[in-house]
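Please open the model in a viewer and follow the selections below in order. Each stop names what to select and then describes what is found there.

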Amino acid sequence: MMEIEEVNNYVSLPLLSLNHVSLLCRSVWDSMRFYEEVLGFIPIKRPSSFKFNGAWLYNYSIGIHLIENPLIDDFDTIIEPRPINPKDNHISFQCRDVEIVKGRLEDMGMKYVTAVVEDEGNTVDQVFFHDPDGYMIELCNCENIPILPLSACLFKPRMSSFGRAVFGPAKCGFVENAMMESLSMDMLDISF
């Protein structure tokens, strides 16, 4: 993996990547089936010292940790799933073909919402749906829009937190190209 030069004045933490997402669920078995059958995750061994019902799943360089709590409704207001809203909290996964995703969801009788994001001639197709506990999942081809640090891109002046206009440099350079090359090599691929 290519090292990326610091582009700001802050010292970053020695983070490597996102390791896992932990989710409370009403039924470990229902949630495991969903993450296996819909998203292609594989159950993996979890530590034997855990004294509560749960499961670990893994694929695409990320883990999903399920923790069973049958009383989840006592702590959360999601008794009925909320409407599928792309602006709500969600977990997003890259995929190669959004049309295949939609077909799979339709075959399984799952409700979903689509959205399209456009930026400077680039288009991203998104599909949003809920897991059995109401957590929203997004599958998209987000790699179509480059990830560029704001400090590397031309943008209109905006007001900073201190009331001064802030301007960014006029173009992207070596560091941004290196970031994109590294990101492209490390990008998660979900294939159906």
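## A tour in three selections

Begin with Ile42, bearing in mind that the model is predicted. At 49% relative accessibility, this residue counts as partly exposed, because the exposed class begins only over 50%. Ile42 lies in strand E2. Add Ile44 and Tyr58 to the selection: together with Ile42 they make up a nonpolar surface patch, whose combined accessible area is about 270 Å².

Next, select helix H1, residues 28-37. Which residues of helix H1 are buried? They are Val28, Ser31, Met32, Phe34 and Tyr35. Looking down the axis of H1, one finds these buried residues within an arc of 160 degrees, so they line one face of the helix. To see what this face meets, display strands E1 (20-25), E2 (42-44), E3 (54-59), E4 (62-68), E7 (122-130) and E8 (136-140), against which the buried residues of H1 pack.

Finally, turn to the cysteines. The structure contains one disulfide. Select Cys140 and Cys142, which form this link with their sulfur atoms 2.2 Å apart. The torsion about the S-S bond is -120 degrees, and the link is left-handed. Are the two partners buried or exposed? Cys140 counts as buried, at 0% relative accessibility, whereas Cys142 counts as partly exposed, at 28%. Now add Cys95, which takes part in no disulfide; the nearest cysteine sulfur belongs to Cys140, 6.6 Å away. Cys95 has 3% relative accessibility and therefore counts as buried. Conclude with Cys25, also buried, at a relative accessible area of 1%.

Technical notes:
Residues numbered from 1 in each chain as written. Predicted model: local features only at pLDDT ≥ 70, side-chain atom pairs only at ≥ 80, totals over all residues. Heavy atoms only, no water. Buried < 20%, exposed > 50% of the residue type's maximum accessible area, 1.4 Å probe, protein only. Helix = DSSP H or I, 4+ residues; strand = E, 2+ residues; numbered from the N terminus. Arc of directions from axis to C-beta. Contact = heavy atoms within 4.5 Å. Patch = residues over 30% accessible without salt bridge, like charges linked within 9 Å, V, L, I, M, F, W, Y side chains within 5 Å. Areas by Shrake-Rupley, 256 points an atom, 1.4 Å probe, with all protein chains shown as cover. Salt bridge = Lys/Arg side-chain N within 4 Å of Asp/Glu carboxyl O. Disulfide = S-S within 2.5 Å.
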